[in-house]
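This report goes through one protein structure for a reader who has not met it before. Please keep the sequence and the 3D view at hand while reading.

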Amino acid sequence: MIDLHTHSTASDGTDAPGELIRKAAEQGLSAVAITDHDTTAGWDEAAQAAQQSGIALVRGAELSCDVGEAHVHMLAYLYDPQATTLLAMLASIRQARLTRLMVMTQNIAADYPVTWQDVQAHTEPGATVGRPHIADALISAGVVRDRGQAFSTMLSPSAPYYVPYYAPSAQDMIAAVVGAGGVPVIAHAFARKRGKIVSAEDIAALAEAGMLGIEVNHRDNAPEDRALLQGLADDLGLFVTGSSDYHGHGKPNRLAEFTTTPEVLEQIEAAGRLPVLR
Ligand code: AMP
Ligand code: FE
Ligand code: FE
Ligand code: ZN
């Protein structure tokens, strides 16, 4: 079993990178990717744990970008983490996320008992911050039961507290990922519940720009949308992945609830600058 999309405490997951990798090994996965939002901060700890537990590790990240009004998550695998253009892009996204989260916290604090300090107490130093960290502070304050409830109420884009954050265009992001030797794969492309989504034409343009794969099998793509995405991948000559988007206890997603074939992992490794760690 191969799962190419998971999060640790280096972003908004709840397992430390090492814990995440050990769980994946214990649950019988043969390979797992760590794909925290806009950071490689978890890579070293994950690599150590992978070596000790005998699971293959794909180093990756889930990068924030925009296609017009649609906010897109681009998975990027096996890229050089020191490549300067991408490094600078990710630093500015993380900074934009930080400022945005402070403003959202301030907005919510007008109506609920939560402070920026409370939110910070729920993040690891150096982690990429996001709305789930406000959710965790609201859970501790007894305002909501879980992250899901926070997202369907005060953290929703339709709530008065919502603030967007800067992200580069997907075209620029793909160029930077490819420049860093990485493999770009669009995450949960037709996740309609998350907000405005890309069109089939947009996906064709991203493929033209160098995107190599589509994450078709993901719980946020409805079954009929998975069929549409599979058709697009076939037409455009893109490979197809399936993954869990595991976030520890922050989301119901279970490790390996969707999986990727060994053949596709081989294609990813052949296209990437870094090796899969085995
Ligand atoms: P942000 O990065 O601030 O835009 O917040 C979006 C992140 O929150 C996503 O990457 C998901 O990991 C997480 N998320 C979105 N919806 C939910 C939900 N209903 N329950 C738990 N986590 C969620
Ligand atoms: Fe997340
Ligand atoms: Fe995502
Ligand atoms: Zn994700």
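## The iron site (ligand 2)

A donor is an N, O or S atom within 2.8 Å of the metal, and because water is not among the atoms, sites may look incomplete. The model described here is predicted. In this model the iron ion (ligand 2) has protein donors from Asp 12 (OD, listed twice), His 37 (NE2) and His 247 (NE2), which lie 2.1 to 2.6 Å from the ion. Along the chain, these donors follow the spacing D-x24-H-x209-H. His 37 belongs to strand β2 (residues 31-37), while His 247 sits in the loop between β7 (239-242) and α10 (262-271), so the two histidines tie together parts that are 210 residues apart in sequence. His 37 and His 247 are buried.

What are the angles among the 6 donor atoms of the iron ion (ligand 2)? They run from 53 to 150°, and the site is irregular. As a point of reference, ideal angles for six octahedral donors are 90 or 180 degrees. A further iron ion (ligand 3) is 5.5 Å from the iron ion (ligand 2).

## The zinc site (ligand 4)

Which residues coordinate the zinc ion (ligand 4)? They are His 5 (NE2), His 7 (NE2), Glu 62 (OE) and Asp 245 (OD), at 2.1 to 2.2 Å. The spacing of these donor residues in sequence is H-x1-H-x54-E-x182-D. His 7 is placed in the loop between β1 and α1 (17-26), and Asp 245 in the loop between β7 and α10, so this pair ties together parts that are 238 residues apart in sequence. His 7 is buried, as is Asp 245.

The 4 donor atoms of the zinc ion (ligand 4) make angles of 79 to 173°, and the site counts as irregular. For comparison, the ideal angle for four tetrahedral donors is 109.5 degrees. Between the zinc ion (ligand 4) and the iron ion (ligand 2) there are 4.5 Å.

## The sheet

The structure has an open sheet of 7 strands with mixed pairing, in the order β1-β2-β3-β4-β5-β6-β7. At its edges are β1 (2-3) and β7, each of which pairs on one side only. β1 pairs with β2 in the parallel sense over 2 bridges, and Ile 2 stands opposite Ala 31 in β2. Strand β5 (residues 183-186) and strand β6 (residues 213-217) also pair in the parallel sense, over 2 bridges. Here Ile 186 is opposite Ile 214 in β6.

Strand β2, which holds the iron donor His 37, has 7 of its 7 residues buried, so β2 is largely enclosed by the rest of the structure. In a regular strand, side chains alternate between the two faces of the sheet. In β2, Ala 31, Ala 33, Thr 35 and His 37 point one way, and Val 32, Ile 34 and Asp 36 point the other way. The residues on both sides are buried. In β6, 4 of the 5 residues are buried, so β6 too is largely enclosed by the rest of the structure.

## Two residues with positive phi

Most residues other than glycine have a negative phi. Leu 78 is not a glycine, yet its phi is positive, at about 55°. Leu 78 is found in the loop between β4 (70-77) and α3. Is Leu 78 buried or exposed? With a relative accessible area of 0%, Leu 78 is buried.

Ala 256 is likewise not a glycine and has a positive phi of about 60°. Its place is the loop between β7 and α10, the loop that also holds His 247 and Asp 245. Ala 256 has a relative accessible area of 15%, so it counts as buried, the cut-off being under 20%.

## The second largest pocket

The second largest pocket has a volume of about 150 Å³. Its lining consists of Arg 94, Gln 95, Leu 98, Trp 116, Gln 120, Thr 123, Glu 124, Ala 127, Thr 128 and Val 129. Two elements give two or more residues to this lining, α3 (84-109) and α4 (116-121).

Which element gives the most to the lining of the second largest pocket? α3 does, with 3 residues. By type, the lining residues divide into 4 nonpolar, 4 polar and 2 charged.

How values were computed
Residues numbered from 1 in each chain as written. Chains lettered and ligands numbered in written order. Predicted model: local features only at pLDDT ≥ 70, side-chain atom pairs only at ≥ 80, totals over all residues. Heavy atoms only, no water. 1 Å grid on protein atoms, 1.4 Å probe; cavity = no way out; pocket = protein on both sides within 12 Å on 5 of 7 lines; lining within 4 Å. Points joined across faces, edges and corners; volume = space filled by probe spheres on them. Nonpolar A, V, L, I, M, F, W, Y, C, P; charged D, E, K, R; others polar. Donors = N, O, S within 2.8 Å, 3.2 Å for Na, K, Ca; no water. Tetrahedral: all angles 85-135°; square planar, octahedral: opposite > 155°, others 65-115°. Buried < 20%, exposed > 50% of the residue type's maximum accessible area, 1.4 Å probe, protein only. Pairing = 2+ DSSP bridges.
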